[in-house]
Amino acid sequence: MTSSVFSRATGLHDRLDRHWPVADALLRRLYGEVPALEGWLSQVREAVIRAARNRPAALTDLDARRQAEPDWFQRPNQLGYCFYVDRFAGTLAGVRRRLDYLAELGVTYLHPLPLLAMQSGDNDGGFAVADYRSVEPRLGTAEDLRALAEDAHQAGMALCLDVVCNHTARDHAWAQAARAGDPVYRAYYHVLDNADEVAAYEATLGQVFPKTAPGNFTPEPSLARDGGGTWVWTTFYPYQWDLNYANPAVFLEMLEVLLHLANQGVDVFRLDSTPFLWKAPGTSCRGLPQTHWIVQAWRALLAIAAPGVLLKGEAIVDPDDVVSFFGRDEATGQPAANECHLAYNNGMMTALWLAQATGDAAPAHALLDRLAGRPRQAAWITYVRCHDDIIWDALAALIPAETLHRVSAFYAGALPGSYALGAAFQADGGGAPSTNGMAASLVGLRPEGRPGDADTDAPLARLLQLYQVTLALDGLPVLYMGDEVALTNAPLASIPAGEGRWLHRPAMDWDRAAGRDDGATAAGRCHAALRRLIEVRAGLPALHGAEPARALTGLPSGVLGFQRVGSRPLLCLANLTGETVTLSLPAGPLGRDVVADEDADLTALPLGPWQARWIKVRP
Ligand code: GLC
């Protein structure tokens, strides 16, 4: 007992020595101009030390295990699962009862979407947080969250939680105080008093919801001091007020939120809308240097208080810019693992959908090369679908606009020959409208489809291909709720007007899931195939996330291929067309298909329509 308390305290001293100077330097760079800086820095330091001292013993043990295996989240046995709590299991207590179902799939990383107390009425699926320290009452209590974390840890799963750090709900206590005239809280937000200033900012800002919430500012007369026109910055919906990180009080508040949640057992923070934290006139206000410094400072401070905890960046921006969220060495400009441990590989996700629609692997291959600059200690979150729309314009720097428009129309089912059952959402400034829909619907599966029908087999092959490719990429793959049983779109009648993203936020179909062992159903076929892939993946050292996937060259344009390296290279090959192709690979002559568990002749390797294969090269 004494020795473990002692070693915990010693660990804290070491961590302070190592990480405090990093945080201190970043905070001085960010807030050097503010009065009383030294006092504020001591408050930051005290908050971190307090959290470290209050960290429950079970969590410090987990920290120690994770520090001993710092690559735990890159290992091929990792698998995430992302879901809305109410859609999946009603409540947090319901989620705890479903952990067995997830364990059976091989899940090691749980990502319930926002579950903290949210604004009543419209709340952007919980992304308008009214109180970061309590759980949404419909879903449970703070105690239920702790219990879920404990159960998850017992089952060998990490818990990821969204921290909506860019904005609060309009009815968060800070915003309420601001509206009631408190100048301290008014300064927590970006409040603009004149229309010229608003127009000047708008000139260089993009729009996230151009149709459903145009503009980046919302008139808020309650904030006006002299009765003049007053606007509050709202990048997203009018009820989501952007926080003002130029105010050090905001930085400290959010740090305290992170420390508090870490000590409730949260292992990974999904930093919602990461690029938007810092604003500066004349810029896009996305991914500014100060935003990176804020995240780097949070990382250094969490490394002191909760060293096993990870940060995950949600940056749906140009692929080159996404890589910068893993961190950079200030002196050399080279990638360094000092910011987010994890970040969404939105680019590859989008490029894979594009590849299936166009039958052209070239953009995905080009993207793999660009993404390979990631620091080796960091990992992508790889995924096929998530709760948001697929934003084609995120590839605008790589792909001609005309192609993006065509692909968008394809997935809305609006092009001749399109099999997709998705819907167009919205686009900024004449860009390609983004796409809504569950993966199974986007690949053309009809809810009642059964294996054996041509119009069910091809969609299933496409869905499984997307997952087989994604599971072979470098990163931690996250399954989106329902994809394991090929769940299709939510009923149209259930979708609120103007918020088409609910098309892919259906309720979990537990009857469908109950039939998951029945190979005569689409759900059963999909579940069995995915389980096999997940199981095989876990045993393939080549799929460890440290080394990036490298595109193969010399393939026909309709075949996507990349190599992963281990003691023996593993090839992932995917036929993006409905016709069989036969490849002759220079890596041959002999290989083994590790999923089918059979030898493969690499001089004449067939790939069926929409088939993907994992081939281990024989020496
Ligand atoms: C993130 C979320 C999205 C939400 C937005 C605003 O992009 O994924 O669902 O609308 O942030 O919080």
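## A tour from strand E22 outwards

Start by selecting strand E22, residues 590-593, and show its side chains: they alternate, with Gly591 and Asp593 pointing to one face, where they are buried, while Leu590 and Arg592 point to the other face and are not buried. This is what one expects, because in a regular strand the side chains alternate between the two faces of the sheet. Before you go on, please keep in mind that you are looking at a predicted model.

**Next, the neighbours of E22.** Add strand E23, residues 598-601. E22 and E23 run antiparallel and are joined over four bridges. Click on Leu590 in E22 and look across: its bridge partner in E23 is Asp601. Now follow the chain from one strand to the other. How many residues lie between E22 and E23 in their hairpin? There are four, and Asp597, in the turn, has a positive phi of about 60°.

Then select strand E25, residues 612-617, which also pairs with E22 in the antiparallel sense, here over three bridges. Asp593, one of the buried residues of E22, has Ile615 as its bridge partner in E25.

**Now the whole sheet.** Which order do the strands take in this open sheet? Colour the six of them and you can read it off as E18-E19-E20-E25-E22-E23, with antiparallel pairing. The edges are strand E18 (550-551) and strand E23, each of which pairs on one side only.

Within the sheet, pick out E19 (residues 559-564) and E20 (residues 570-575), an antiparallel pair held over six bridges. Gln563 is a handy place to zoom in, as Leu571 in E20 stands opposite.

**Over to a helix.** Select helix H11, residues 248-263. If you like, put a distance label between its end C-alpha atoms: they are 23 Å apart, which agrees with the 22 Å that 16 residues should span at 1.5 Å a residue. Is H11 mostly covered or mostly open? Mostly covered, since 13 of its 16 residues are buried.

Look at both ends of H11 as well. At the N-terminal end, Asn247 acts as a cap, with a side-chain oxygen 2.9 Å from the backbone nitrogen of Ala249. After the helix comes Gly265, whose phi is positive, near 110°.

**Finally, zoom out.** Colour residues 173-242 as domain 1 and residues 547-617 as domain 2, following the domain assignment of the protein. Taken over C-alpha atoms, the centres of domain 1 and domain 2 are separated by 53 Å.

Notes. Residues are numbered from 1 along each chain as its sequence is written. This is a predicted model: local features need pLDDT of at least 70, side-chain atom pairs count only at pLDDT 80 or more; totals for chains, interfaces and linings use all residues. Side-chain values use heavy atoms; hydrogens and water are left out. Domain bounds come from an automatic or database domain assignment. Two strands pair if DSSP finds at least two bridges between them. Helices (H or I, at least four residues) and strands (E, at least two) are DSSP runs, numbered from the N terminus. The expected span of a helix is 1.5 Å times one less than its number of residues. Buried means under 20% relative accessible area, exposed over 50%, partly exposed in between (1.4 Å probe, protein chains only). A polar contact is a pair of N or O atoms within 3.5 Å; within protein, one must be able to donate a hydrogen and the other to accept it, and residues adjacent in sequence count only if both atoms are side-chain atoms.
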